[in-house]
Amino acid sequence: MIGILLVEDHSVVRNGYRRLLDAEDDMQVVGEAASADEAYACLCAGGVDLAVVDLNLRGSSGIDAIRRMIAREPGLRVLVISMHDNPSFVTQAMRVGALGYLTKNSEPAEMIDAIRDVAAGRRVLSADVAQALAGAALDGEALLSRLTPREFDVLRLAASGESPGSIATTMHLSQKTIHNHLSAIRQKLDADNDFKLLRLAARYGLIDWSALPA
C-alpha cells in the first residue's frame, strides 16, 4: 500500500485526487495539505511514502515544501502535478528531489501510472514537460538554472511583490539571509536593479506579463 500525501491548495482539486487514488487497491491518501508548513506537519505525523505536490501553494512554494520534506525524510518519493510546464520550474523541482513531473493536462490514468512508477523509484515526465525540456536544451541553458532552488523561490516571491521581511517570514529565514540571496540573484542574472529582475521573472514565467507596470 502506497501512503500518499496530497499537497495542493485547492480543496476541490484535492478532493478529486483523493477520490481517484482511494479507488486504487494499492493506494491510500493518508494526509492533505494546502501549504508547505502543513505538508511538513503531515509528513512528521508519519505514514507517508509518496507526496503529490503542486508548486503553487499558499506562502512558500511547492519547491520549498519538497526541499524541506526530503531533508527530513530522504527516502520520500515526490510527484509534482502542476499547471507549469516551464523548464525552469521543472528543473528546480527535480533539483530538490522530485522524481516525477506531470502537468494538470495529464489524464487521470497517467497520474495513477506515474504514482506507481515514482513509488518504485523511476523518473517520470509527462509528454508536454519532456517536450518543453527538450526545447530548452536546444535553445541553450535557461538563465534561471543558474539559481539554487532557494534563490529561485526568493526571486519568485520578490517578483510577486513580497517585501524582504515578508519573504523571510514565509521561508522561515532571517531578513539578512533574504537580502544576501537577492544580492546573489542579481549577480547571477546580471541584473543591477529590481526592474530588470522583474522583467526576467516575467520572461521566464514566474509572473504574468500583465502584472508588470506599463
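Two residues are in contact when heavy atoms of theirs lie within 4.5 Å. Keep that in mind as we walk through this predicted model.

**The whole chain**

Start with everything shown as a cartoon. You should find 10 helices and 6 strands. Along the principal axes, the C-alpha atoms fill a box of roughly 55 × 40 × 30 Å. The radius of gyration is 17 Å, which agrees with the value near 17 Å that a compact globule of 214 residues would have. Buried residues account for 48% of the 214.

Now switch on a surface. About 10,100 Å² is exposed, and carbon and sulfur atoms supply 50% of that area. If you colour by charge, look for 22 positive and 28 negative side chains; the centres of the two sets lie 7 Å apart. As for how the chain folds back on itself, take the contacts between residues at least 6 apart in sequence: 63% of them join residues at least 24 apart.

**Stop 1: arginine 14**

Select arginine 14, in helix H1 (residues 11-22). Is this charged residue buried or exposed? Its relative accessible area is 13%, and under 20% counts as buried, so arginine 14 is buried. Show side chains here and you will see a polar contact of 3.0 Å between the side chains of arginine 14 and glutamate 32. Beyond residues up to four places away in sequence, arginine 14 also touches Leu6, Glu8, Asp9, Ala33 and Ala34, among others.

**Stop 2: helix H3**

Next, select residues 62-72, which form helix H3. Because 8 of its 11 residues are buried, H3 is largely enclosed by the rest of the structure. The buried ones are Gly62, Ile63, Asp64, Ala65, Ile66, Arg68, Met69 and Ile70. What covers them? Bring up the surroundings and you will meet, among others, strand S1 (2-7), helix H2 (36-45), strand S3 (50-53), strand S4 (77-82), H4 and helix H7 (149-159).

Before leaving, zoom in on the start of H3. There, a side-chain oxygen of serine 61 comes to within 3.2 Å of the backbone nitrogen of isoleucine 63.

**Stop 3: glutamine 92**

From H3, move on to helix H4 (residues 87-95) and pick out glutamine 92. With a relative accessible area of 1%, glutamine 92 is buried. Where does its polar side chain find a partner? Draw a distance from a polar side-chain atom of glutamine 92 to the backbone oxygen of leucine 147, and it should read 3.1 Å. Leaving aside neighbours within four places in sequence, the residues in contact with glutamine 92 are Ile63, Leu144, Ser145, Leu147, Thr148, Pro149 and Phe152. You have just seen Ile63 as one of the buried residues of H3.

**Stop 4: isoleucine 112**

Select isoleucine 112 in helix H5 (residues 108-119). This residue is buried, with a relative accessible area of 6%. Add methionine 27 to the selection: the two are 85 residues apart in sequence, yet their C-alpha atoms are 9.3 Å apart in space. Apart from neighbours within four places in sequence, isoleucine 112 is in contact with Leu20, Leu21, Glu24 and Met27.

**Stop 5: two loops with a positive phi**

Most residues other than glycine have a negative phi. Here are two that do not follow that pattern.

- Histidine 172 has a phi near 60°. Look for this residue in the loop between helix H8 (164-171) and helix H9 (175-189). With a relative accessible area of 47%, histidine 172 is partly exposed.
- Aspartate 190 has a phi near 55°. You will find aspartate 190 in the loop between H9 and helix H10 (194-203). At 68% relative accessibility, aspartate 190 counts as exposed.

**Stop 6: helix H10**

The loop you are in leads to H10. Begin at the N-terminal end of H10, which asparagine 193 caps: a side-chain oxygen lies 3.1 Å from the backbone nitrogen of phenylalanine 195. Then colour the buried residues of H10, which are Leu197, Leu198, Leu200, Ala201 and Ala202. Which helices do they pack against? Show H7 and H9, and you have their partners. Finally, follow the chain past H10 to glycine 205, whose phi is positive, near 85°.

Technical notes: Residues are numbered from 1 along each chain as its sequence is written. This is a predicted model: local features need pLDDT of at least 70, side-chain atom pairs count only at pLDDT 80 or more; totals for chains, interfaces and linings use all residues. Side-chain values use heavy atoms; hydrogens and water are left out. Helices (H or I, at least four residues) and strands (E, at least two) are DSSP runs, numbered from the N terminus. The radius of gyration is taken over C-alpha atoms; the globule rule is 2.2 Å times the number of residues to the power 0.38. Buried means under 20% relative accessible area, exposed over 50%, partly exposed in between (1.4 Å probe, protein chains only). Accessible areas come from the Shrake-Rupley method with a 1.4 Å probe; for residues, only the protein chains shown count as cover. Lys and Arg count as positive and Asp and Glu as negative; His and the chain ends are not counted. The place of a charge is taken as NZ of Lys, CZ of Arg, CG of Asp or CD of Glu. A polar contact is a pair of N or O atoms within 3.5 Å; within protein, one must be able to donate a hydrogen and the other to accept it, and residues adjacent in sequence count only if both atoms are side-chain atoms.
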